[in-house]
Amino acid sequence: MASENLTQVTEFILMGVSDRPDLQIPLFFVFLLIYGLTMAGNLGIITLTSVDSQLQTPMYFFLRHLAIINLGDSTVIAPKMLVNFLVTKKTISYYGCAAQLGGFLVFIVGEIFMLAAMAYDRYVAICKPLLYMVVVSPQMCILLVSLTYLYSLTTALTVSSCVFSMSYCSSNEINHFYCDNVPLLALSCSDTYLPETAVFTFSGTNLFFSMIIVLTSYFNIVLAILRIRSSEGRRKAFSTCASHMMAVTVFYGTLLFMYLQPRTNHSLDTDKMASVFYTLVIPMLNPLIYSLRNKDVKSALHRIWKNLHRLPTWNAT
């Protein structure tokens, strides 16, 4: 009978960002605003880079897919999180939890390697400008994006299968606002050595290889910029990758803070705060980072605005 009771958990309870009743409604409106801005910003980037003829370049092709990933990442988490602020019973079904974890992993791994692909794109643009359209061809762009999505899906299926192959006993309260690896494994009543190894191996490997690509690309970019003699040339070269550098610093800084903590100091509450940042805040910030300092995006917005005003108006009479 004991063995039959090991896998009786059919739903989990998400503890959320805070368990204080007086904060639920204020937090609902804060995160509703964040999610609304995320939707508007990323849909705007996707639309602009799809319809504007001046933005049909590799850089904006990758940016469009980063916006799709950011939209997916926040949508996997935010709607359920918002509902839970308004209800007393903050539950998620066993399979719903598995689906949420899988979706989260697809998009977070996708973002890691999409940022790496964008760093490589900037490296070729600045260090090998004459070969840019040959090296970063449309076929190469499609290949890089396809491999990113395929690898993300493979990672998500592997890791989530490992996590949900564990037995979950009577305890079903997840100390988080969504279904994540670490708090789920903390609930398991079976040996978690194999899934923990899989989780931290994939996390470490993904971070290591993507950061190697990013750091190598930007090391060569900095060297190339320093070799430019004119200050105007250096400023122009730097401006082409400044937005991406900012996005990379914020994203990788948050992930490194979370995953490189010593196990003795590892706190699930700290994880929650870091998770809010890279699952909800960063997807909101990325469209701002890539548009506020980007002349091409501003020009595209201006062109679309002008075209909208040129549309004929129908006279009812």
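This report describes salt bridges and a nonpolar surface patch in a predicted model.

## Basis of the values

The model is predicted, so local features are reported where pLDDT is at least 70 and side-chain atom pairs count only at pLDDT 80 or more, while totals for chains, interfaces and linings use all residues. Residues are numbered from 1 along each chain as its sequence is written, and side-chain values use heavy atoms, with hydrogens and water left out.

## Salt bridges

Four salt bridges are found when the whole structure is searched, a salt bridge being a side-chain nitrogen of Lys or Arg within 4 Å of a carboxyl oxygen of Asp or Glu. Among them is the pair of Arg 122 and Asp 121, whose closest N and O atoms are 2.9 Å apart. Arg 122 is buried, with a relative accessibility of 7%, and Asp 121 is likewise buried, at 1%; here buried means under 20% relative accessible area, exposed means over 50%, and partly exposed lies in between, as computed with a 1.4 Å probe and protein chains only.

Another salt bridge joins Asp 22 to Arg 20, with 2.8 Å between the closest N and O atoms. Asp 22 is partly exposed at 48% relative accessibility, and Arg 20 is also partly exposed, with a relative accessible area of 45%.

## A pair within helix α8

Arg 235 and Glu 232 form a salt bridge in which the closest N and O atoms are 2.8 Å apart. Because these two residues are three apart in helix α8 (residues 231-259), about one helical turn separates them; helices are DSSP runs of H or I with at least four residues, strands are runs of E with at least two, and both are numbered from the N terminus. Arg 235 is partly exposed at 45% relative accessibility, as is Glu 232 at 47%.

## The nonpolar patch

Ile 25, Phe 29, Leu 32, Val 83, Leu 86 and Val 87 make up a nonpolar patch on the surface, and together they have about 520 Å² of accessible area, a quantity obtained by the Shrake-Rupley method with a 1.4 Å probe, where for residues only the protein chains shown count as cover. Two or more residues of this patch are given by each of α1 (24-51) and α2 (58-86), and the largest share, three residues, comes from α1.

Patches consist of residues with over 30% relative accessible area and no salt bridge, with nonpolar side chains (Val, Leu, Ile, Met, Phe, Trp, Tyr) joined within 5 Å and like charges within 9 Å. Val 87 lies in the loop between α2 and β2 (91-93), and this residue is partly exposed, with a relative accessible area of 33%.
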